[in-house]
Structure formats: C-alpha cells, structure tokens
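Me: I am new to this structure and would like to understand how its labels are earned. Please set each value against its cut-off before you conclude.

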Amino acid sequence: MTPVPGTGGFGLRDLGLRVYGPSLLYALGLGAIMPVIALSALDAGASVSASALVVTLVGVGSLVMNVPAALLTSRFGERVSMIVAAAVAAVAMVAAIVSPNLWVLSSAVLLVGMAGSVFNLARQSYLAEAVPAYFRARAMSTLGGTLRIGAFVGPFLSAAVMVPLGLAGAYWVGFVAMAGAAVVGFAVPDLPARAGGTGTTTVVRAASGAPAGAPRPESMRRIAREHARTYATVGIGVFVLAAVRATRNVVLPLWSDHLGLDATMAAVVYGISAAVDVIVFYPAGHVMDRFGRIYSAVPCLLLLGVALALLPLAADVQALAWVGALMGFGNGLGTGIVMTLGADYAPAHARPQFLGIWRLLTDAGMMAGPVALSAVTAVATLGAGIFVVAAAAFVGTGVFAYFLPRSRD
C-alpha cells in the first residue's frame, strides 16, 4: 500500500474515506445499538436498574482496556489494531443477536466497549502520526465530526431495520457497520516509520506490523512517570471536559422530563443541540490550527459551563431549546480537542503508550460526571446537581486557560 502523503500541501483529500471511512462505519455501528441495549437487557429478564448497568458496560469495557490497548497497538501497529478491533466488535454483535440469556448479552456489550478502546486509540495514534502538526487539529476535529455523524445517523438506521426484525435489527446494523469498518481498514495506508533520531521517515515495518524500533511495552510505566506533569495539569482539564460532556448527554433529557415534556419534544430539543454540535466541527479545527488549542478548549468548557448554569433556569420548551443549542455550540467548538491535545503532548517514540493513559483519564471523566450528578441529585435536587457540574466546567476552564500555550506552537 502507498504511504500517507507527506506534509506538502496536505489536506483532507490526502486522508479521505480510506482513513475516515472505518471511523464513520464504527460510529454508525455503535450509534445503532446504544439506544436499544437497555431494552435488550429488559427483554433478557433484567430489572430496570440492572438494564441501566448493562448499558454502562460499554464504558467499563473501554476504561479497563485502555492500557492493554496501548500495549497491543504498540506491539502490532495502528492499522492492524483497527482492523482486528472492528472484527472483534462485529463478533460481539453476533453474540448479542444470538444471546440466550442476560450474561451472554452483558459479555457481548462489554466486548464492544473493549474493542472500541483498541479501535479508538489506534485511530487516534494513526492520525497523530499520519498528519503534519500544522493540520492536526483539523484532521482530529473532522474525525470527531465523523463520530458525531455516525452517532446521529446510527439510531435512525437501526430504527428502520427494527421494523421487520425487532430488537435484533439494531445489532444486525451494528454487525454490518463493524464488519464494514474491518474490511475498509485494509485500504488504510501503511504508516511511515520514523527513523530513530534522524527526523526522516521510511516505510519499513517490523514483521509484527509495528514500526521498526517501536518501544517495548514495558515503557508504559516510564512514560507515565516522565509525563506526570502533563497528566496532572492539562490532563485534569481533559478529565473535567470529559465529565461535563458525558453529563450533558444526561441532563438535557432529565430536565425535559422535569418540565413535563413528552418524549417526542425531548428528542427534538436534544436533536437541535446535536445538530448545532455537528455544524461547527470543522471550523473548530481550523481555529485550533490557525490560532492555538487554547482558543478552542477554553470557549468550549466556558460555554458548556454557562449553558449548564442556565439550564435549571429554563422554564419552558423555548428556553430549553436555546440552552440546548448553546450546549451544542460550546461542545462543537471543542470537537477533537481531547484527541488533538493528546497527539500534541504524546512523544513520537511512545505515542500509543501515552495515549493509552490519556484515554484512561478521559474515560474516567466520562464515568465520573454522571456519577457525580447522580450523587448530588440524590442528596439535594437535580438543579443542584447541574449547578455542581457547571462549577466543575468553570474550574476546567481555568485549568486550560492557565496551562495551555497561547500560540499555535
């Protein structure tokens, strides 16, 4: 296969569907099954609370697999890891379709999360290596845009297929999408391997598929020590951003219910927020590349915090729709920021290892946000819980404002 083009005149056309195609298909597959996992668990005999736990297994699988994913990607290379992860996810879809009981279904959902961890890390590491630094944010924000498009379209595809096939139809959509991602992955260009210390590139690959001279897996601990300051500063901002984003997906439906809106109107409000989010993904990347990462990260968290603070004040559907649009705009301004910052700070000689820990921070944040909201709501009110998350967003804004560079360099 031909290597990814060099830096001269680099543009999205140099990546195209060969690189973004697998990501879009994977996002479609995941988006297709996410709305029906809880319903499948109920169908398998789970209680309401247990079905909610089954849904969280996607995140649990991703969280526990982040460090092993880094070791696997370092050992076998990004392209091979993406192909295998997508194939494993396709197998998990089949297991969910034929699952005879709740345990098999739960195992399949957990496997989807674990495969997603490998796929996402390998995809991020691939782009970080394949794209020149001056174009990195636009490439990452476009990747984030494909994920949003997939998550938006996937449920509609599964809804259409579920008409004749029932709940299994969603998993069939997931299977076709994941299998398609694995197949298209074979068309992804090989990465050039950096020659040690020379600054030049070659297309030599080790027999395993990893770059020649790739770091040994034991370097994970060393990378964690060497970059502890980055994880403890910018990493905290990334943790908070992930927590706020995950909570955003929860509070809009919950406040819609608090206002007494029916499911259709709640979906419309959420859809408006998602649509605004998708619209601004490429401009966000352009801002990051043109002016610097701080001009995306700070407005993103600041607007999310403002929108969350305004949400408990929304007393009708119009106000809720405006707040939802503000949330979508703020979140869209940060499209790809977590992946871009990870690629910026990752050492070239041990990128998968660094990103494995980076993703561990983000996944932990995604788990922590809804848990914190739930804890505060249990002892106070939903409004109080939302205000606490808004306060965390403002703290994260301060972290980014203080620690991120003021220039694009």
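Me: Why is Arg293 called buried?

Reply: In this predicted model, Arg293 has a relative accessible area of 10%, and since buried means under 20%, Arg293 counts as buried.

Me: What makes the pairing of Asp344 and Arg293 a salt bridge?

Reply: A salt bridge asks for a side-chain nitrogen of Lys or Arg within 4 Å of a carboxyl oxygen of Asp or Glu, and the side chains of Asp344 and Arg293 meet at 2.6 Å, N to O, so the pair satisfies that rule. Asp344 lies in helix 15 while Arg293 is in the loop between helix 12 and helix 13, so the salt bridge ties together parts that are 51 residues apart in sequence.

Me: Which residues are joined with Arg293 into one network of salt bridges?

Reply: The network consists of Arg136, Arg138, Asp289, Arg293 and Asp344, joined by salt bridges that share partners. One of these salt bridges is between Asp344 and Arg136, with the closest N and O atoms 2.8 Å apart, again within the 4 Å limit. That pair links helix 15 (residues 337-345), where Asp344 sits, to helix 6 (residues 136-165), where Arg136 sits, and the two residues are 208 residues apart. Another salt bridge joins Asp289 to Arg138, whose closest N and O atoms are 2.8 Å apart, and it links helix 12 (residues 281-291) to helix 6 across 151 residues. By the same rule the count comes to eight salt bridges.

Me: How do you know which of Asp344 and Arg136 is buried and which is partly exposed?

Reply: Asp344 has a relative accessibility of 30%, and because partly exposed covers the range between 20% and 50%, Asp344 counts as partly exposed. Arg136 is at 11%, which is under 20%, so Arg136 counts as buried. As for the other pair, both Asp289 and Arg138 are buried.

Me: Why are helix 4 and helix 7 called roughly antiparallel?

Reply: The axes of helix 4 (residues 78-98) and helix 7 (residues 168-185) come within 8 Å and cross at roughly 160°, and because angles over 145 degrees count as roughly antiparallel, the two helices are given that name. Helix 4 passes helix 7 in a left-handed crossing. The residues of helix 4 in this contact include Arg79, Ile83 and Met93, and those of helix 7 include Tyr171, Trp172 and Phe175. By class, the residues of this contact divide into 17 nonpolar, two polar and one charged.

Me: What makes helix 16 and helix 17 oblique to each other?

Reply: Helix 16 (residues 351-379) and helix 17 (residues 382-403) pack at an angle of about 140°, with their axes 7 Å apart. That angle is not over 145 degrees, as roughly antiparallel would require, and it lies outside the 65 to 115 range for roughly perpendicular, so the pair is oblique. The crossing of helix 16 and helix 17 is right-handed. Leu373, Val376 and Thr377 in helix 16 meet residues of helix 17, among them Leu382, Ile386 and Val389, and by class the contact has seven nonpolar, two polar and no charged residues.

Me: How do you know whether Ser106 and Ser107 are buried or partly exposed?

Reply: Ser106 has a relative accessible area of 12%, and because the cut-off for buried is under 20%, Ser106 counts as buried. Leaving aside its neighbours within four places in sequence, Ser106 is in contact with Val54 and Leu57. Ser107 has a relative accessibility of 47%, which falls between 20% and 50%, so Ser107 counts as partly exposed. Ser106 is in helix 5, and so is Ser107, that helix covering residues 102-130. The C-alpha atoms of Ser107 and Ala92, 15 residues apart along the chain, are separated by 8.3 Å.

Me: How many helices and strands does the protein chain have, and what percentage of its residues is buried?

Reply: The secondary structure comes to 17 helices and two strands, and buried residues make up 50% of the 409 residues in the protein chain. Among contacts between residues at least 6 apart in sequence, 83% join residues at least 24 apart.

Definitions and conventions. Residues numbered from 1 in each chain as written. Predicted model: local features only at pLDDT ≥ 70, side-chain atom pairs only at ≥ 80, totals over all residues. Heavy atoms only, no water. Axes fitted to C-alpha atoms, helices over the stretch in contact; angles between N-to-C directions. Helix = DSSP H or I, 4+ residues; strand = E, 2+ residues; numbered from the N terminus. Parallel < 35°, antiparallel > 145°, perpendicular 65-115°, else oblique. Left-handed = near helix turned anticlockwise from the far one by under 90°. Contact = heavy atoms within 4.5 Å. Nonpolar A, V, L, I, M, F, W, Y, C, P; charged D, E, K, R; others polar. Buried < 20%, exposed > 50% of the residue type's maximum accessible area, 1.4 Å probe, protein only.
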